[in-house]
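User: Got a minute to go through this one with me? I'd like to start with the domains.

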Amino acid sequence: MPIIDIRSIYHSTTGAALEDGIRASIVTGLTHSYNEKVLPGLLLYNEEGLRLFEQMTYQPDYYLTGLEIDILSKYATEIANDIPEGALLLELGAGALRKTALLLDAIEAQKKKVTYFALDLDKPELVRTLNELRGRYTHVGLAGLWGTYDDGCIWLKQFNDCPRVILWLGSSVGNMTRKEAGQFIRGFGEVLSPQDRFIIAIDTRSHSPETVRTAYNDRAGITRRFAMNALSSINDLFNAKVIDVSCFAYSPYYNEVNGRNEAYFRCLKQTQVCISSEEPILIHEGEYIRFAYSHKYDRIERQLLWSSANARAEREWTTEKENYTVTMLSWTW
Ligand SMILES: C[S@@+](CC[C@H](N)C(=O)[O-])C[C@H]1O[C@@H](n2cnc3c(N)ncnc32)[C@H](O)[C@@H]1O
């Protein structure tokens, strides 16, 4: 299964490796003042994190995956109708490919020659997840892209002679602030031609606060393990014990007003983060460090998102209760 390393594009344009960037964000984020400290969400997605995230998606408490599967099971053929013969299908942050396979199966059933590229951050996980689809398709070609979303956007520019469709599932857009999300989608739109499409799955605000709270703190404790793995990965990144993970607990908070889950590490016992070449960073007992957002979008917020991305919503598919959505966007600049 070909895995293309597109991180080199990133290196050649900025001279910085992804891991250098994450290390720099850790240092910057931890030097913020009391209760303003942040850690980069990218820490969540090392090999172990991706496996734990996949386990999370099997928890009934993590309702997002089930709702997305409902939409894809029901409408995969309709969505596939809008993916033309000869298209390049690029999935951002592909993760495990259980849901994607529903769409690829529908494309295969339509006997369309489409090349699917799964883009993600961890090479061994790309190999593992793509291998699970090996031999399943004769019309759909499969490949992996190892790199970031930004690398993917640069890489995509060279393919302006074939129809391109971007797929962004799992409500991953919710991890960005609303402003960042509009700018990010717009950035892809600037690369796409009028016949190209961007398919995006988004969770809504139509769930009870308790449902959201349980989704981000499931009863089997997988989300907690997923979060704590991100903290441990700091030690892996610096190749030293720079942070004492036992001094922290996972502490999610559903901010109903802003329509987002906020994920924090709460400091249980005063500690220092000791990174060589930096002054030790003091973290106080009771202090919170934010590491992830999961924004939810109501109908008006989705419309605002499309307009800030300068995009047009061509079609929208929802669950019966309209509590999860998949939207197909296009651009006419
Ligand atoms: C919320 S998970 C969703 C996974 C999968 N699409 C799903 O729906 O179950 C986010 C995925 O995006 C990837 N990801 C997050 N930030 C990324 C970035 N900046 N560049 C590339 N992939 C990223 C993660 O590794 C992870 O696979």
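Analyst: Sure. This is a predicted model, and the domain assignment splits the chain into domain 1 (11-59 + 209-295) and domain 2 (63-206 + 297-330).

User: How far apart are the C-alpha centres of domain 1 and domain 2?

Analyst: Those centres lie 26 Å apart.

User: And how many residues of each domain are in contact with the other?

Analyst: It's 16 residues of domain 1 against 16 residues of domain 2.

User: Which elements give two or more residues to domain 1's side of that?

Analyst: On the side of domain 1 that touches domain 2, those are α3 (47-57), α9 (209-215) and β11 (288-295). The largest share is from α3, with five residues.

User: What's the breakdown of that side by class?

Analyst: Seven nonpolar, seven polar and two charged residues on the domain 1 side.

User: OK, switching to the core. How many residues are in the largest nonpolar one?

Analyst: The largest nonpolar core has 90 residues. Leu-89, Ala-118, Ile-166, Phe-198 and Ile-199 have the most contacts inside it. Helix α4 (residues 63-81) supplies the largest share of this core, seven residues.

User: Where does that core lie relative to the two domains?

Analyst: Between them, because domain 1 (11-59 + 209-295) and domain 2 (63-206 + 297-330) both contribute residues to the core.

User: Let's zoom in on Phe-198. What does it touch, leaving out residues up to four places away in sequence?

Analyst: Phe-198 touches Ile-166, Ile-185, Phe-188, Gly-189, Leu-192, Ala-311 and Leu-329. Ile-166 is also on the list of residues with the most contacts inside the core.

User: Now the whole chain. How many helices and strands?

Analyst: There are 11 helices and 13 strands.

User: And what about its overall dimensions?

Analyst: The C-alpha trace spans about 60 × 45 × 40 Å along its principal axes. The radius of gyration is 20 Å, which agrees with a compact globule of 333 residues, since that would have a value near 20 Å.

User: What share of the residues is buried?

Analyst: Buried residues are 40% of the 333 in the chain. As for contacts between residues at least 6 apart in sequence, 74% join residues at least 24 apart.

User: Last topic: what does the UniProt annotation say about residues 23-329?

Analyst: The entry, which is unreviewed, annotates residues 23-329 as "domain: Histidine-specific methyltransferase SAM-dependent". In the model, that span is 37% helix and 24% strand, and its end C-alpha atoms lie 35 Å apart.

Methods
Residues numbered from 1 in each chain as written. Predicted model: local features only at pLDDT ≥ 70, side-chain atom pairs only at ≥ 80, totals over all residues. Helix = DSSP H or I, 4+ residues; strand = E, 2+ residues; numbered from the N terminus. Rg over C-alpha atoms; globule rule 2.2 N^0.38 Å. Buried ≥ 20, exposed ≤ 12 C-beta atoms within 10 Å, placed from the backbone. Contact = placed C-beta atoms within 7 Å. Core = buried A, V, L, I, M, F, W, Y, C linked by C-beta atoms within 7 Å. Domains from an automatic or database assignment. UniProt positions renumbered as here; feature names shortened; annotations may be inferred. Nonpolar A, V, L, I, M, F, W, Y, C, P; charged D, E, K, R; others polar.
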